[in-house]
Amino acid sequence: MKDMILGLCFMVAGIVTIYVARQYPTMPSLQFGPSLFPSLIGGGFFLGGLVLAATQFPTLRQRASEGRVAWRIDYQAILVALLPCALVVFYILASDYLGTAICLTAMMFVLMLVRKTPWLLALGVSVAASLVIYFVFSRYLLIPLPEGLLSVGG
């Protein structure tokens, strides 16, 4: 049942993404505008959600034929499934103040603890992985990332 609900949520997220992307301005000199990639991502969300929801129809049909259509919802499983989305929102809201490295460390640490990783291993892997990701993107690929509390010059 949680897959049905998550599938429907992803379908709605895909529709919203496509709708918002269509509002982006277009440039007459370009074949593809800034809405192309968000629209593709929204389409992927929609199709993925559709497939996820559609896989649950045989189970629902079987339960209905047996007369045991129970709309019991596992709220904990839904919250765990939506946690990565909530952490992305956390990153968007907190990265300017905390910085990318700290936000990534916190995000990975929380995700690993939810998956029942021992806390010391989760902490070590989170710190190491976030520093590698930060330095690859900021120093090697030259993508400016928020430094936040770790900024040297303030």
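The centres of domain 1 and domain 2, taken over C-alpha atoms, lie 25 Å apart in this predicted model. Domain 1 covers residues 1-64 and domain 2 covers residues 74-153 in the domain assignment of the protein chain. The overall dimensions are worth keeping in mind as you turn the model: along its principal axes, the C-alpha trace spans about 65 × 55 × 20 Å. The radius of gyration of the protein chain is 20 Å, whereas a compact globule of 154 residues would have one near 15 Å.

Now for the secondary structure. The protein chain contains 6 helices and 0 strands, and reading along the sequence gives the pattern α-α-α-α-α-α. Let us follow three of these helices, beginning with α4 (residues 75-98) and α5 (residues 100-114).

Two packed helices are described by the angle between their axes and the distance between the axes. For α4 and α5, the angle is about 160° and the axes are 8 Å apart. Angles over 145 degrees count as roughly antiparallel, and α4 and α5 are therefore roughly antiparallel to each other. Their crossing is right-handed. If you would like to see the contact in side-chain terms, look on the α4 side for residues including Val 80, Leu 83, Pro 84, Leu 87, Phe 90 and Tyr 91. On the α5 side, the residues they meet include Ile 102, Cys 103, Ala 106, Met 107 and Val 110. By class, this contact of α4 with α5 has 16 nonpolar, 2 polar and no charged residues.

Next, move along from α5 to α6, which spans residues 119-140. The axes of α5 and α6 come within 8 Å and cross at roughly 145°, and α5 passes α6 in a right-handed crossing. From α5, the contact draws on Thr 100, Ala 101, Leu 104, Thr 105, Met 108, Phe 109, Met 112 and Leu 113. Among the residues that α6 brings to the contact are Trp 119, Leu 123, Val 127, Leu 131, Ile 133 and Tyr 134. By class, the contact of α5 with α6 has 15 nonpolar, 4 polar and no charged residues.

Finally, which residues does Leu 150 contact, leaving aside its neighbours within four places in sequence? Leu 150 lies in the segment after α6, and its contacts beyond those neighbours are Ala 101 and Ile 102. Ala 101 also belongs to the α5 side of the contact with α6, while Ile 102 belongs to the α5 side of the contact with α4. In sequence, Leu 150 and Ala 101 are 49 residues apart, yet in space their C-alpha atoms are 8.3 Å apart.

Methods
Residues numbered from 1 in each chain as written. Predicted model: local features only at pLDDT ≥ 70, side-chain atom pairs only at ≥ 80, totals over all residues. Heavy atoms only, no water. Domains from an automatic or database assignment. Axes fitted to C-alpha atoms, helices over the stretch in contact; angles between N-to-C directions. Helix = DSSP H or I, 4+ residues; strand = E, 2+ residues; numbered from the N terminus. Parallel < 35°, antiparallel > 145°, perpendicular 65-115°, else oblique. Left-handed = near helix turned anticlockwise from the far one by under 90°. Contact = heavy atoms within 4.5 Å. Nonpolar A, V, L, I, M, F, W, Y, C, P; charged D, E, K, R; others polar. Rg over C-alpha atoms; globule rule 2.2 N^0.38 Å.
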